[in-house]
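User: Please give me a close look at a single part of this structure, in connected prose, with the cut-offs of each term stated where that term comes in.

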Amino acid sequence: MTAPIVRMKRLLVGRPLASERLDSERLNKRTALAVLSSDAISSVAYATEQILFVLAASAPVALAVHYVFPISVVIVGLLALVGLSYRQTIFAYPQGGGSFTVAKDNLGVGAGLVAAAALLTDYLLTVAVSISSGIAAITSAYPALAPHAVALCVAAILLLMVVNLRGVRESGLVFSLPTYAFILLMLGLVGTGLLRLWTGQESPAAVGPALVDPAALAQHAASIPTGFALTFLLLRGFAEGCAAMTGTEAISNGIQAFRQPSSRNAAITLGWMVALLATFFLGVSWLAQRYAVVPSDTQTVLSQINHHVFGSGALYLSLQYATFAVLVLAANTAFADFPRLASILANERFMPRQLAARGDRLAFSNGIVLLALFAILLVWAFGGDTNALVPLYAVGVFVCFTLSQSGMVVHWFKTREPGWRWKAALNGLGALATGIVSVVQVVTKFLHGAWIVVLIIPAIIMLLREIHRHYESFAREVRFDGRSPIIPLHHTVVVPISGITKAVAGALVYATTISDDVRAVCVEVDPEGTAALRDDWEKWDIGVPLIIIRSPFRSVLRPLVRYVERLERNTPGELVTVVVPEIVPHRWWEHLLHNKTALYIRTAFLFRPNVVVTAVPYHLGGASRPAEPEPEGPSYTTEQRVPALPEGTPPAAPPAPPAPPAPPAPPAPPAA
């Protein structure tokens with residue numbers, strides 16, 4: 001890596017951290033709430049709006065605002081049940097891993113892969129939905145920015161990527177301030193709004209009682225769906241509102257990110273998260289019902305409630321900015337958990353092993369970059385539209401909930417720990433409830449985009465299994481028990497050259513140290529230059545034969561590859577090493593002024609068995625390198641002509657080196 005790139009990386013990411021610093025990078029409860037709970041807490045910015053969006057699209061506004069709060073109450077009850085179930089998972093599986101680990105250990109590898117694929121999909125959608133919702137909060141306050149929504153989304157994703165590459169603890173410190181600002185402002189919004197409504201300080205016109213009064217509903221009886229249509233509509237509103245529960249599993253997935261005692265700290269943080277989410281969600285839904293707020297193309301539901309409660313002053317703008325910040329940072333839950341899950345899958349040989357490695361700042365850097373790239377593609381494909389992305393959202397979440405709780409039921413039956421019966425009953429009830437919601441999610445959202453997730457999850461499972469098969473096959477092929485005989489091979493070294501330079505001289509010196517059969521090969525693309533090279537080579541006389549390969553079509557790689565292939569065919573068991581002289585410029589921009597023949601040669605032989613490619617670099621202008629002695633010139637000795645052989649003719653062996661002179665006789669001993 002060149003110096004400018006290293007300096008830029010240090011500026012953006014920071015200096016590398018030693019592995020011993022890993023424990024100090026763990027999170028306390030307050031910071032973990034900001035890092036791992038921002039996804040769940042921030043969902044109040046769009047969960048109520050999604051319920052109203054679905055209901056108001058197919059029924060009168062009066063019906064939509066009438067049912068939004070009861071639906072929210074049911075969702076909060078389900079949230080409490082899932083929260084209690086995951087609290088048990090935290091103590092049963094303190095090593096983390098969440099739904100994948102629980103399902104794999106208790107229900108089998110297949111169930112674990114389903115949970116993993118659903119979680120990976122959910123984390124990707126978390127970034128896309130959270131970022132697009134955050135940008136929507138800003139465009140609600142500044143409509144002129146709406147045409148640039150996608151560009152703003154991409155910028156926000158890249159910012160999150162860079163912050164997370166700096167490490168878990170640093171990202172937690174950065175995210176704590178906006179998360180807690182949002183929590184305080186939301187408490188103020190819900191508390192002030194409820195206080196005004198309960199004390200009668202709000203004017204009737206602002207509340208709009210005609211829209212929520214049962215008598216008003218009767219006036220729209222002809223346009224209100226009934227029977228199955230109404231049931232399906234309410235179920236669909238419930239399914240969309242369940243987006244509020246996304247991120248609930250994040251804490252159980254990231255237990256190892258907490259300071260010791262990690263399980264206890266994670267359980268406490270989970271309780272805080274569930275309590276805050278339930279309070280905000282019920283408060284926003286109640287205020288939306290009382291203020292008769294409906295979705296708008298120019299303002300979010302939360303922005304409209306914010307206007308009713310705080311007006312248009314500093315508090316309104318503060319909450320909008322805080323909403324934008326926490327929604328953007330909510331994607332950080334995915335940036336914290338997606339790389340961690342990917343590393344677990346990589347250690348299980350279900351994902352590329354590069355995802356298991358920690359980067360300079362002890363974060364899983366490859367997983368962070370991978371998530372950012374896929375999220376940018378998703379935001380671009382859907383135009384940064386939250387309403388287009390949310391129907392894809394939360395489908396995989398409830399599949400994970402169901403598999404995790406079902407796995408915990410099996411876990412309790414296997415371990416039979418004290419109190420296992422009521423614990424199994426609680427997890428069983430959670431599995432039943434989330435299983436029903438999973439079916440509702442798929443059925444009600446299928447035609448509105450959920451079919452994409454239904455196809456993506458099996459595709460990811462197939463990909464994970466294919467990766468696992470590759471690693472299993474790889475392990476079998478490279479396994480060596482040490483009892484097989486090692487058969488020595490004839491070793492020929494080929495040095496591709498185009499002239500006599502210091503780089504060529506260095507490569508030849510290295511080549512002669514690893515084999516007695518060294519051949520310099522020149523592919524002739526310029527007959528005049530080749531003739532001059534032949535003359536100089538004969539004068540140099542270093543005992544290495546020069547092979548001239550004619551190339552009528554001026555290709556360098558193909559004749560060289562064919563020559564090496566003939567060497568392998570003519571001598572069974574032949575081991576060929578191609579030693580490539582490579583000139584390395586001192587400055588990064590000087591690389592643009594040189595061809596990459598050495599790189600092309602290495603690539604051409606990459607997948608060929610019994611061919612080893614070694615690059616011998618020669619650094620230009622390296623001030624820090626010790627100065628090399630300047631050669632006085634070529635050594636002219638007795639000429640020994642090396643004929644240019646026709647293509648395909650194996651060259652003669654190089655001449656044997658001269659015998660060393662006999663040592664001088666020892667002096668005679670003195671006479672007695």
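Analyst:
**A close look at the sheet**

Strand 1 (residues 491–496) and strand 2 (residues 517–524) run parallel and are joined by 5 bridges; two strands are said to pair if DSSP finds at least two bridges between them, and the numbering from the N terminus follows DSSP runs, with helices being H or I runs of at least four residues and strands E runs of at least two. The model is a predicted one, in which local features need pLDDT of at least 70 and side-chain atom pairs count only at pLDDT 80 or more, while totals for chains, interfaces and linings use all residues. Residues are numbered from 1 along each chain as its sequence is written, and side-chain values use heavy atoms, with hydrogens and water left out.

Within the pairing of strands 1 and 2, V495 has A520 of strand 2 opposite to it. Strand 2 also pairs with strand 3, again in the parallel sense and over 5 bridges, and here C522 faces I548 of strand 3 across the pairing. Between these two strands the chain passes through helix 24 (residues 527–540), making a β-α-β crossover that is right-handed, a term used when, with the strands pointing away from the viewer, the path from the first strand over the helix to the second runs clockwise.

Taken as a whole, the sheet is open and consists of 5 strands in the order 3-2-1-4-5, with parallel pairing. Strand 3 (546–550) and strand 5 (611–619) each have a single partner strand and stand at the edges, so one side of each is left without a neighbour in the sheet. From one strand to the next, the twist averages 30°.

Two helices that pack on this sheet can be described by what they touch, contact meaning heavy atoms within 4.5 Å. Helix 25 (residues 557–570) touches strand 1, strand 2, strand 3, strand 4 (575–584) and strand 5, and its direction makes about 145° with that of strand 2. Helix 26 (residues 597–604) touches strand 1, strand 4 and strand 5, with a direction at about 155° to that of strand 4. The axes behind such angles are lines fitted to C-alpha atoms, for helices over the stretch in contact, and the angles run from 0 to 180 degrees between N-to-C directions.

Although strand 3 stands at an edge, 4 of its 5 residues are buried, so strand 3 is largely enclosed by the rest of the structure; buried means under 20% relative accessible area, exposed over 50%, and partly exposed in between, with a 1.4 Å probe and protein chains only.

One residue of the neighbouring loop deserves its own description. S515 sits in the loop between helix 23 (502–514) and strand 2, and with a relative accessible area of 11% S515 is buried. A polar atom of the S515 side chain lies 2.8 Å from the backbone oxygen of H491, and the side chain of S515 also reaches the backbone nitrogen of D517 at 3.0 Å. A polar contact is a pair of N or O atoms within 3.5 Å, where within protein one must be able to donate a hydrogen and the other to accept it, and residues adjacent in sequence count only if both atoms are side-chain atoms. Leaving aside residues up to four places away in sequence, S515 touches H491, T492 and V493.
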